[in-house]
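Biologist: Hello! I am new to this one, so could you show me the structure and let me ask a few questions?

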Amino acid sequence: MSRLSGEFEKQRAMVILFPSRTDVWRGECRPIREIMVELANIVAEFQEVIIGVLPELRETLETEYVLDDRVKVVEMQYNDCWARDTVSSVVTGEKPYIAAFRFNAYGAGLYKPWDDDDELDYVFAKEFGYDVKDSPITLEGGNICSDGNGTLFAVREAIVNDNRNPGMSLEEIEEGLKDILCLEQIVWIERGLLADETGGHIDNIMAFADKTTIVLSWTDDVNNPQYELVREIEAKIKSCSNVDGEKYNIVHLPVPNLYRRTKEDSDSIVTTEDSFPREEGDYVLETYVNFALANGVVVVPQFGNDLDAEAVRILKEVFSDRKVIPLRGREASLGGGGFHCLTKHIN
């Protein structure tokens, strides 16, 4: 029986793309490259890791950074390094396939061009030996979250929107997603967290630890601008059941207050007309739930605040069968995402 497995299940590999855009990443990409190489090396102790690199950057990767020998380097073309969003999910079963959605750089608003990113499904289908099943729906992988048991969670405003799927109704999109991902039901979260530049992705809101346990971004600080929103989302989750009629268990994971971009954060970004401006004073979303999950390990972002240790403690309890490793997360958030956004599991 074909199904969209849960990310918490056994993975075949993790995919990472070597950062390249100086109009997205500060310091000529060096700080984020160091983080991504460190992340690749951590995960390589537990499972296969593939790092995609532009041909012209392969020498840079292999001579300027210390990459674990177990990490496989593959040359490929891409526009930015958001592997979660541009490498689609594998539907498992007797004959697994990659469900290939369209990609348009988050409603055509964050960078251009994106044509190479829209072709990455076919690149990785060839790499892993999978067939491809195409969908006309524009969708990023960071906006789908599966319990592995027939239920998908997604943020409606970043899918049912004319900036991605003009003229398509909720019913049409839902029917298309159920068909290609072999789903029984979709739970629609109305909107994403504040300051999510993607338009609202589910991977800043929640993650499954197992088929009935949801780790949910949360705050008890009434001054945190996410305060009302996370309660609205929790109420939605509590109102639904999985396909077996069971309620989901919810574990709260703190979400920090919004970060303000500093002059140092923005000065070395080479702003162009082809990318989203990243300016001093902008609000930046940072979430711990945007962690990287692999076989035997969880890599959790750290932001240098008093919630870091609490996030690690909670995730150690939730993932007691995995090693929980903290890693500096600010560079990823300055580019508009987190470790989950920058990695893609392959089942």
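Biologist: Is Arg330 buried, partly exposed or exposed?
Modeller: This is a predicted model, so the answer rests on a computed value. Arg330 has a relative accessibility of 21%. Buried would need under 20% and exposed over 50%. Because its 21% lies between those limits, Arg330 counts as partly exposed.

Biologist: In which helix is the place of Arg330, and which residues is it in contact with?
Modeller: Arg330 belongs to helix 10, which covers residues 330-334. One partner is Glu286, 44 residues apart from Arg330 along the chain, yet their C-alpha atoms are separated by 7.7 Å. Leaving aside neighbours within four places in sequence, the contacts of Arg330 in helix 10 are Tyr259, Glu286, Gln302 and Phe303.

Biologist: And Met1, is it buried or exposed?
Modeller: Met1 sits in the segment before strand 1 (3-4). Not counting residues up to four places away in sequence, Met1 touches Thr92 and Gly93. Its relative accessibility is 87%, and over 50% is the cut-off, so Met1 counts as exposed.

Biologist: Which helix gives the largest share of the largest nonpolar core?
Modeller: Nonpolar side chains tend to be buried together in soluble globular proteins. Here the largest nonpolar core has 59 residues, and Phe18, Leu39, Phe124 and Val299 have the most contacts inside it. Its largest share is 9 residues, and they come from helix 1 (residues 30-44).

Biologist: How many residues are in the second, separate core?
Modeller: This core is separate from the largest one. Among its members are Ile189, Leu193, Tyr288 and Phe303, and the number of residues is 40.

Terms used:
Residues numbered from 1 in each chain as written. Predicted model: local features only at pLDDT ≥ 70, side-chain atom pairs only at ≥ 80, totals over all residues. Heavy atoms only, no water. Helix = DSSP H or I, 4+ residues; strand = E, 2+ residues; numbered from the N terminus. Buried < 20%, exposed > 50% of the residue type's maximum accessible area, 1.4 Å probe, protein only. Contact = heavy atoms within 4.5 Å. Core = buried A, V, L, I, M, F, W, Y, C linked by side-chain atoms within 4.5 Å.
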